[in-house]
Amino acid sequence: MNKIERDKELKKHKFIVFCSDHYNPLGIVRSLGEEGIKPIVVLNIEKVKPYLIVKSKYPAEIHEVNTAEEGLKFIIEHYGDEKECKPFIYSSSDDICQLLDQNYDKLKDSFFFFHGKTQGIVSKYLNKNDINELALEKGCKVLSNEILKRGELPKTLRYPVITKALSSTLFAWKDEMHICNTEEDLKQSYKEIRSDEILVQEYIHKKNELCVDGFSFNGGESVYIPYYSNYLRFSDISYGGYILLKQFEECAEYCQLREMLKTVGFTGIFSAEFLVDKDNNNWFLEINFRNSTWSYAYTFGNVNMPYLWAEGELFGDINDKFELLPEIKAISEGEDYVMSVQNGDLSIKEWFRDFKDADVHFLYNKNDKRPFSVYVYLLKRIIKRTLHME
């Protein structure tokens with residue numbers, strides 16, 4: 001079956017983007033739209049007031065719901081009886097990823113969605129300790145860690161250490177991250193940590209991070225990782241918003257990730273992150289069993305993962321003759337501006353040079369301009385405030 005015939009078959013199905021408003025799922029909407037697919041968006045407005053996806057030209061329908069649970073109920077009630085043309089569901093956040101996983105048995109006969117081989121297995125590996133153990137089993141380098149109750153001190157780790165929430169499904173999980181150079185630093189951090197249990201991990205000053213995005217189907221047997229990325233800017237406790245993608249070649253990390261995905265039986269879009277130390281060792285950090293922010297850069301690089309995953313799910317294979325680009329510069333405008341200019345690392349002039357030099361942006365899009373035009377007012381306010389400070 002050629003691409004035209006496959007397109008025709010795929011477009012008989014509904015495509016549902018189940019998300020909160022963010023430029024991550026906006027990338028899914030745009031990727032599908034560029035293939036001539038008008039997705040249905042089920043938008044959870046519980047925590048984020050919508051202003052990006054609602055302005056995109058690509059959605060066929062947008063349905064606002066007050067909670068993720070309400071959204072899943074809406075999807076099942078309105079689209080769960082189309083078994084001849086099962087709809088595709090896309091997720092871009094860990095809470096929705098977990099919700100779909102916990103309802104695997106209810107959804108599996110009526111929808112294509114990101115999932116593992118059994119109900120609950122994805123939720124298990126959203127836990128940082130469990131995914132670390134799996135990574136170690138498959139041969140990855142994994143940083144030493146301990147799970148501690150709030151207030152406890154490590155028994156085996158040496159300082160410096162970094163604290164992390166056990167799961168990224170917890171609300172405000174990024175606030176649980178603290179770099180502690182001494183025991184006293186850790187005691188002070190506990191005053192801000194809200195979780196009853198916390199992952200405390202040895203801390204290594206990173207040279208960079210190695211990040212890969214990919215997709216899999218056939219229960220994790222078919223895995224595609226076309227590009228990898230390094231950060232052109234980053235901080236000690238955070239990834240940056242300015243990245244460089246290059247072609248990914250088969251290596252130890254590829255084989256390790258493939259084996260991990262096969263163990264989970266994962267079908268869907270995923271991303272994985274490794275910390276690169278000063279000696280160029282790659283230390284496993286995490287796998288996200290969902291679409292990630294950088295996914296749309298892959299679409300620019302001729303690998304439209306939302307479309308290709310659906311093709312693989314429906315037909316069991318894909319046309320994998322990708323015309324990969326040598327490299328791609330991508331910038332997450334708002335996030336990178338705040339990190340770089342607001343923090344005083346770059347001048348506005350330097351930042352705009354990088355903005356113009358980027359091949360792909362996650363807000364600005366010449367074919368879908370309205371989301372950026374809504375955002376630009378907020379960006380102007382930030383710039384005005386920065387200029388006033390200077």
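This report covers the sheets, helix packing and nonpolar cores of a predicted model.

## The parallel sheet

One open sheet holds four strands in the order 3-2-1-4, and its pairing is parallel. Strand 3 (61-65) and strand 4 (88-91) are its edges. Each has a single partner strand, so one side of each lacks a neighbour in the sheet. From one strand to the next, the twist averages 20°.

Strand 2 (residues 40-44) pairs with strand 3 over five bridges, in the parallel sense. Within this pairing, Leu43 has Glu64 of strand 3 as its bridge partner. In general, strands of a sheet pair through backbone hydrogen bonds, either parallel or antiparallel.

## Helix 2 against the parallel sheet

Helix 2 (residues 23-33) lies across three strands of the model: strand 1 (15-19), strand 2 and strand 4. The helix runs at about 170° to strand 1. Angles over 145 degrees count as roughly antiparallel.

How many residues of helix 2 are buried? The count is 11 of its 11 residues, and the helix is mostly covered. The buried set includes nonpolar side chains such as Leu26, Ile28, Val29 and Leu32. Arg30, a charged residue, is also buried, and so are Asn24 and Ser31.

## The antiparallel sheet

A second open sheet has four strands in the order 6-9-7-8, with antiparallel pairing. Strand 6 (145-149) and strand 8 (178-180) are the edge strands, and each pairs on one side only. Neighbouring strands in this sheet are turned by 30° against each other on average, direction ignored.

Strand 7 (residues 161-164) and strand 8 run antiparallel and are joined by three bridges. Ile162 has Ile179 in strand 8 as its bridge partner.

## Strand 12 and its partners

Is strand 12 (residues 227-233) largely enclosed or left open? Five of its seven residues are buried, so the strand is largely enclosed by the rest of the structure. Buried here means under 20% relative accessible area.

Strand 12 pairs with two strands named here. With strand 10 (residues 208-217) the pairing is antiparallel, over two bridges. Val212 stands opposite Tyr228 of strand 12. With strand 13 (residues 242-247) the run is also antiparallel, and six bridges join the two. Asn230 stands opposite Leu244 of strand 13.

## Helix 1 on helix 11

The axes of helix 1 (residues 3-10) and helix 11 (residues 305-315) come within 11 Å. They cross at roughly 85°. The two helices are therefore roughly perpendicular to each other.

Helix 1 contributes Lys3, Arg6, Asp7, Glu9 and Leu10 to the contact. Helix 11 contributes Tyr307, Ala310, Glu311, Leu314 and Phe315. By class, the contact has five nonpolar and five charged residues, and no polar ones.

## Nonpolar cores

The largest nonpolar core has 75 residues. Which members touch the most others? They are Tyr90, Phe215, Met260, Phe284, Phe289 and Trp309.

Tyr90 has a wide set of partners beyond its neighbours within four places in sequence. Its contacts include Phe15, Ile16, Val17 and Phe18. Ile28 and Leu32, both buried residues of helix 2, are also in contact with Tyr90. Further partners include Phe114, Ile269, Pro306, Trp309 and Ala310. Ala310 also takes part in the contact of helix 11 with helix 1.

Another core, of 18 residues, lies apart from the largest one. Among its members are Ile40, Ala68, Phe74 and Phe111.

Note on methods
Residues numbered from 1 in each chain as written. Predicted model: local features only at pLDDT ≥ 70, side-chain atom pairs only at ≥ 80, totals over all residues. Heavy atoms only, no water. Buried < 20%, exposed > 50% of the residue type's maximum accessible area, 1.4 Å probe, protein only. Pairing = 2+ DSSP bridges. Axes fitted to C-alpha atoms, helices over the stretch in contact; angles between N-to-C directions. Parallel < 35°, antiparallel > 145°, perpendicular 65-115°, else oblique. Contact = heavy atoms within 4.5 Å. Core = buried A, V, L, I, M, F, W, Y, C linked by side-chain atoms within 4.5 Å.
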